[in-house]
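This report concerns aromatic pairs, helix packing and backbone geometry in one protein chain. The sequence and the coordinates are shown first.

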Amino acid sequence: MNKAKLKEAEERFIMRYPGGFSNPRMVELAKKHKVEKMKNLAQDSFSIGQFESAINIVDFMDKVVSQSSLISIFEKPKFRDLVKVMNENEKEHLSHGLKEFLHGDQAFGFRLMTGLLQEYKLAKWPLLTVYPIYYRPSVEVFIKPTTAKGIIEYFELIGIKYNSNPTFEFYQAYREQIMQMKQEVDISLQVDNAAFCGFLMMAMENYAGAGM
């Protein structure tokens, strides 16, 4: 990573928003995106005991997708339509994948979910990573293609190349570098990984907007 760029981004952000994510404007932004509500929804919906019913899990997944501001308006109806046409075995497959990702073998779970969604041409990064970012926000990462590509390029992350075809290897490598970057900034910016990546995105926009 380019630590100098990260430090510059931190300084610009804290100058604009004193207190980091505790700044009133940031608090209001979090409320607008229903961050706490979505975290509670995911943590209640995807606790280990809930996985006794695959049908319920897939319904919960649809609920998270439909209510999340992280998912585009184009992907929400596509996922909703998928849920309507999936048979019982497919729902078991998708549910088991999420269970493994959250509570077992992450790589295996990610590949299970990806494999099923690929059959419907819906193996998209946001639809695979929205559940873990709400369920375990300080550990997992949400991958939005434009943001991830921008972070990798702007902050010069080494040994990682974005691919539109989701793989666990990329997810793991990106998550590791985000966690490393988070440790380099002020504690006021270490809220959770979604907020931290939001800070990185805003920092890049501010930098470009300043004409630097």
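## Helix packing and aromatic contacts

Thr146 is a residue of helix α9. The model is a predicted one. With a relative accessible area of 56%, Thr146 is exposed. Its C-alpha atom is separated by 24 Å from that of Tyr17, and the two residues are 129 residues apart along the chain.

Helix α9, which spans residues 145-154, packs with α10 at an angle of about 60°, and the axes of the two helices are 12 Å apart. An angle of about 60° falls outside the classes of roughly parallel, roughly antiparallel and roughly perpendicular; α9 and α10 are therefore oblique to each other. Their crossing is left-handed. On the α9 side, the contact is made by Ala148, Ile151 and Ile152, and on the α10 side by Phe170, Tyr174, Ile178 and Met181.

A second packed pair is formed by helix α3 (residues 35-45) and helix α4 (residues 54-67), with an angle of about 170° and axes 10 Å apart. The angle is over 145 degrees, so α3 and α4 are roughly antiparallel to each other. Lys37, Met38, Leu41 and Ser45 of α3 make this contact with Ile57, Phe60, Lys63, Val64 and Gln67 of α4.

Two of the α10 residues named above also take part in an aromatic pair. Phe170 and Tyr174 both lie in helix α10 (residues 168-182), four residues apart, which is about one turn of the helix. The aromatic pairs in the model number 16. In one of them, the rings of Tyr154 and Phe155 have centres 4.8 Å apart and planes at 85°, so this pair is edge-to-face. The rings of Phe170 and Tyr174, by contrast, have centres 5.7 Å apart and planes at 15°, so this pair is stacked.

The residues of these two pairs are listed below with their relative accessibility.

| Residue | Relative accessibility | Class |
|---|---|---|
| Tyr154 | 13% | buried |
| Phe155 | 0% | buried |
| Phe170 | 6% | buried |
| Tyr174 | 1% | buried |

Phe170 and Tyr174 also belong to a cluster linked by ring pairs, together with Phe101, Phe110, Trp125, Tyr162, Phe168 and Tyr171. Tyr154 has a further partner: the charged end of Lys5 sits over its ring, 4.4 Å from the ring centre.

## Backbone at two loop residues

Most residues other than glycine have a negative phi. Where does the backbone depart from this pattern? Two loop residues are described here.

Lys121 has a phi near 60°, a positive value in a residue other than glycine. Lys121 is placed in the loop between α7 (106-119) and α8 (125-135). At 70% relative accessibility, Lys121 counts as exposed.

Glu156 is likewise not a glycine, yet its phi is positive, at about 55°. Glu156 lies in the loop between α9 and α10, the helices that pack at an angle of about 60°. Is Glu156 buried, partly exposed or exposed? Its relative accessibility of 38% makes Glu156 partly exposed, whereas Phe155 is buried at 0%.

How values were computed
Residues numbered from 1 in each chain as written. Predicted model: local features only at pLDDT ≥ 70, side-chain atom pairs only at ≥ 80, totals over all residues. Heavy atoms only, no water. Phe/Tyr/Trp six-rings, centres within 6.5 Å; stacked < 30°, edge-to-face > 60°. Buried < 20%, exposed > 50% of the residue type's maximum accessible area, 1.4 Å probe, protein only. Lys NZ or Arg CZ within 6 Å of the ring centre and 35° of its normal. Axes fitted to C-alpha atoms, helices over the stretch in contact; angles between N-to-C directions. Parallel < 35°, antiparallel > 145°, perpendicular 65-115°, else oblique. Left-handed = near helix turned anticlockwise from the far one by under 90°. Contact = heavy atoms within 4.5 Å.
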